[in-house]
Each structure stands twice: as C-alpha cells, then as structure tokens.
Amino acid sequence: AIGTGKVASTEQAQEVHAEIRKWLASTISKEASDNTRIIYGGSVSEKNCRDLAQQADIDGFLVGGASLKPAFIDIINARA
C-alpha cells in the first residue's frame, strides 16, 4: 500500500489486477477488459520487477523513487 512501507507480494498484486480485469469485463465489456492496460503502482524495484512483469494481468508499472536510481534500467527491461 502506498505510503505504508508494506509491499504486496507478487501473488497479491496479480490477484488484485485479475479482480480489476474481471470487474471491467462484467461491468463494461470483455473488449474493454482485454484492451485496458492495468499498471502496478506499488513498490517496484530491480528486485521484484521481473516477477511482477510475468504476471498475466500486470501490464506495466508506475515507478516512483526507483526511477531515480541506476537500477531503473532493470525495471525498464523487465519484460524483455
């Protein structure tokens, strides 16, 4: 959760993203669900970016302070 110092596990992040995608499909349309990019805005670092990037419903990252560090390049390349 942002600002708490607590980091969601990869599994928790995927679970929430899957629920958002499910909500989009049931409330709006399957097309909207399929075409909406859902980004993860938790604590993304060079340590967890690869695992997060492999999740089916996590389409990208909102990166804060980590973007100021040299390891940001690892986050950029996480899906490569």
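**Close-up views of a predicted model**

**View 1. The whole chain, element by element.** From the N terminus on, the elements run α-α-β-α-β-α. This is a predicted model. The secondary structure comes to four helices and two strands. Along the principal axes, the C-alpha atoms fill a box of roughly 40 × 30 × 20 Å. The chain has 80 residues, and buried ones make up 29% of them. Look also at how the chain meets itself. Take the contacts with a separation of 6 or more: residues 24 or more positions apart account for 43% of them.

**View 2. The surface and the charges of the chain.** The chain exposes about 5,500 Å². Carbon and sulfur atoms supply 56% of that area. Now turn to the charged side chains. There are 9 positive and 10 negative ones. The centres of the two sets lie 4 Å apart.

**View 3. Helix H1 and its two sides.** Helix H1 covers residues 10–27, which is 18 residues. At 1.5 Å a residue, H1 should span 26 Å. Its end C-alpha atoms are 26 Å apart, so the model agrees with the expected span. Which residues of H1 are buried? They are Thr10, Ala13, Gln14, His17, Arg21 and Leu24. These buried residues cover an arc of only 95° around the axis, which puts them on the same side of H1. An α-helix has 3.6 residues a turn, so residues three or four places apart point the same way. The other side of H1 holds exposed residues: Glu11, Glu15, Lys22 and Ser26. What do the buried residues of H1 pack against? Their partners are helix H2 (30–35), strand S1 (39–40) and helix H3 (49–53).

**View 4. His17, a buried residue of helix H1.** His17 sits in helix H1. Its relative accessible area is 6%, under the 20% cut-off, so His17 counts as buried. Which residues does His17 contact, leaving aside neighbours within four places in sequence? The answer is Ile38, Ile39, Tyr40, Asp57 and Ile58. Phe61 is 44 residues from His17 along the chain. The C-alpha atoms of His17 and Phe61 are separated by 12 Å.

**View 5. Ser33 and Lys30 in helix H2.** Both residues belong to one helix: Ser33 lies in H2, and so does Lys30. Is Ser33 buried or exposed? Ser33 is buried, with a relative accessible area of 4%. Set aside its neighbours within four places in sequence, and Ser33 is in contact with Arg21, Leu24 and Ala25. Arg21 and Leu24 are among the buried residues of H1. Lys30 has a relative accessible area of 55%. That is over the 50% cut-off, so Lys30 is exposed. Lys30 and Gln14 are 16 residues apart in sequence. In space they are 19 Å apart, C-alpha to C-alpha.

**View 6. Val63 in a loop.** Where does Val63 lie? Val63 is in the loop between strand S2 (60–61) and helix H4 (72–76). With a relative accessible area of 23%, Val63 is partly exposed. The value falls between the 20% and 50% cut-offs, so neither "buried" nor "exposed" applies to Val63. Not counting residues up to four places away in sequence, Val63 touches Phe72 and Ile75. Leu52 is eleven residues from Val63 along the chain, and their C-alpha atoms are separated by 13 Å.

How values were computed:
Residues numbered from 1 in each chain as written. Predicted model: local features only at pLDDT ≥ 70, side-chain atom pairs only at ≥ 80, totals over all residues. Heavy atoms only, no water. Buried < 20%, exposed > 50% of the residue type's maximum accessible area, 1.4 Å probe, protein only. Contact = heavy atoms within 4.5 Å. Expected span 1.5 Å × (residues − 1). Arc of directions from axis to C-beta. Areas by Shrake-Rupley, 256 points an atom, 1.4 Å probe, with all protein chains shown as cover. Lys, Arg positive; Asp, Glu negative; His and termini not counted. Charge placed at Lys NZ, Arg CZ, Asp CG, Glu CD.
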